[in-house]
Amino acid sequence: MNRRHFLSSSIALAAGSSLIPAWAQAVDPYYVGFREGLKKLPALGAFANVSSDVACSAARIEGKIPAALRGVLYRNGPAQFERGGVRHHHWFEGDGMVQAYRFTDEGVNHTGKFVRTKKFKAEEKAGRLGYSVFGGRVENPLPVTGPDSMNAANTSVIAINNAVYALWEGGSAYEVDPVTLNTKGPKVWAPDWAGMPFSAHPKVTPDGNVWNIGGGWNGDVAVYHINPQGELVNATLVKVPPTAMLHDFLITENFVVLVLSSASFDSKAMANGEGMAAAMKVDLVTPMRVITLAKNNLSDRKEYDLPNGFVFHFGNAFETRTGQIMFDYVRFDSASIMADNMKAIMKGDTTTDFRQGSRSQAMLVTLDPKTGKASQTAVFNRMVEMPNVDPRVVGKRHQYVFHTSAKETELSDRAIGFAGISRVDIHSGRTDAYDYGTDYVVEEHILVPKPRSTREGEGWLVGAAYNAKTQMTELAIFEALALAAGPVAKVFLPYGLPIGFHGHFYA
Amino acid sequence: MNATKFQKSAFAAALALSVFSPLSHAAELTIEVNNITELKGSVMVALYVNGETWLGKPAQGNGAPANAEKVIVKFADVPAGTYAAAVYQDVNGNGKMDSNVMGIPTEPFGFSNNAAGRFGPPKFDAAKFLMADTATAIKLDLN
């Protein structure tokens, strides 16, 4: 190369570098890795970044939406994972986008709006990520004044007496407008309970009373009772052994049931900057602790031991005629789904065997207060998650649990998430299932009771799935007692959104 | 005497005075508190002189109405030395910084240097600043 060529090419290089957008100059391995991974595995699109609100006034429909299916399906999930060319290391870190699918006589419209949390606004202003809870420290973290500094409001959404709340696990519920989905602000149930953790799995009894928990990591669990009018009846702190993650819980007619995984935080790892996910250790010795609290006197408690395990989600609990408490849950052997699978998904690492961390099983537990013993059996042999029951049976004897599930016992090779849904009879193990096919990653499906029906399960199962082939989101409606027959209707959004966590339907 | 020599000797004299003189010089301290989002109640500032008294017994305290996004709180006579400031906004005017049942503050607060702690308040050293024997001004943000 002669000197002249050398000069002109280096000038071109220098000029070119300033034309390359900031993200392409970034060296964040998660940001770059995810884009590389997406080329090899399009299903990773179910975890792609969204950076603006979305809306669609009339979604394309295939099949016929049942005439009696009218109302709003509210959903929530992490959707903004990246800022300034940097990508979060954990799925749970993304900013929550509340979505509303509205079923009207004119068709189905859809809105998705980010919850403008304190975190969202601070990071938006800074133009970069400023907080991390699960994935390890970010560079130059923004100031933290309490758990709400990091509140991503990304885990579920619930309506109580026409007030809609976006829920997280470690801090306040964020109220959003039921129609516009605009953010109103953190909900204060009582002045001295401001900023307290209000978890993402409130249980609503068929008569409209709401029970919820919060916290647990420092040995204090908040237990909330909210009446159907949305007013706080009672909030109490209950002592438990410090636990790594108390994500969900159960109620029966008379009891609140807490189940503590065999998991603890490695405080040394946390101090070294590891995120909560990597610092979470599940051992094979510590039993899972079950604590029942009488609803009318929370200090009236009984404790049981279950074999070791890790749990995010429960289906439902009820009391038997003989005074036992039964409940179902999804059990994992380890918390590797938190530390390994989610890291791989965020980094676009397609060499990970996702089956390893996803190995889960639905279990049915019986607590016998007379003997103080807990026993459990497997409900069926299929990897599942996201249990959901008919809202009419919450706290009462139930027969069916709806899950997202693997087609066979295990996830298929290279699948990063479930492509199927199933309904299982927890007493007989009989299963009714539907498989979307390998192009899909499905999210939680919700049972919507048919008006005027009384039979458990008589309703529609409604849920979204990410289609990796079209890179778009589809919502399907099933006859809930005939899943194998396939969807009766499908709603096609003109955009793809990351799969979300939880939601509720309101007629 | 050239300017540099003059400055050096003045500095040395000031240092000598601050170390040896029993009459330490006092001057005005101006604290600019920014990022007030709720224009209600008062901004309360406490000054501390060392790690032992930090967030316990303040050396001086003062306040101003929280009536703008930026509020100035002045201390007329602050002896030269090392200080750290803790600030909170008494939104409801009950005379204390409110916290929830787990002890997490529920009213806005901040520290000099915008020092921040991890799982708790920052250390005195992270928040300390030097008060000169002439008028001094610092800025901080409420969280």
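**A note on chain A and its helix α3**

1. A friendly place to start is α3(A): A:Lys39 and A:Lys40 are exposed on the other side of this helix, meaning that 12 or fewer other C-beta atoms lie within 10 Å of their own (20 or more is buried, in between is partly exposed; C-beta atoms are placed from the backbone).

2. This is a predicted model, where local features need pLDDT of at least 70 and side-chain atom pairs count only at 80 or more, while totals for chains, interfaces and linings use all residues. Residues are numbered from 1 along each chain as its sequence is written, and chains are lettered from A and ligands numbered from 1 in the order written.

3. The buried residues of α3(A) are A:Tyr30, A:Tyr31, A:Phe34 and A:Gly37. Seen down the helix axis, they fall within an arc of 130 degrees (taken from the directions from the axis to the C-beta atoms), so they line one face of α3(A).

4. Chain A has eight helices and 34 strands, which are DSSP runs numbered from the N terminus (helices H or I, at least four residues; strands E, at least two).

5. Of the 507 residues in chain A, 50% are buried. Its C-alpha trace spans about 95 × 55 × 45 Å along the principal axes.

6. Where chains A and B meet, the contact takes 12 residues from chain A and 10 residues from chain B; two residues are in contact if their C-beta atoms, placed from the backbone, lie within 7 Å. Within chain A, residues 24 or more positions apart account for 60% of the contacts with a separation of 6 or more.
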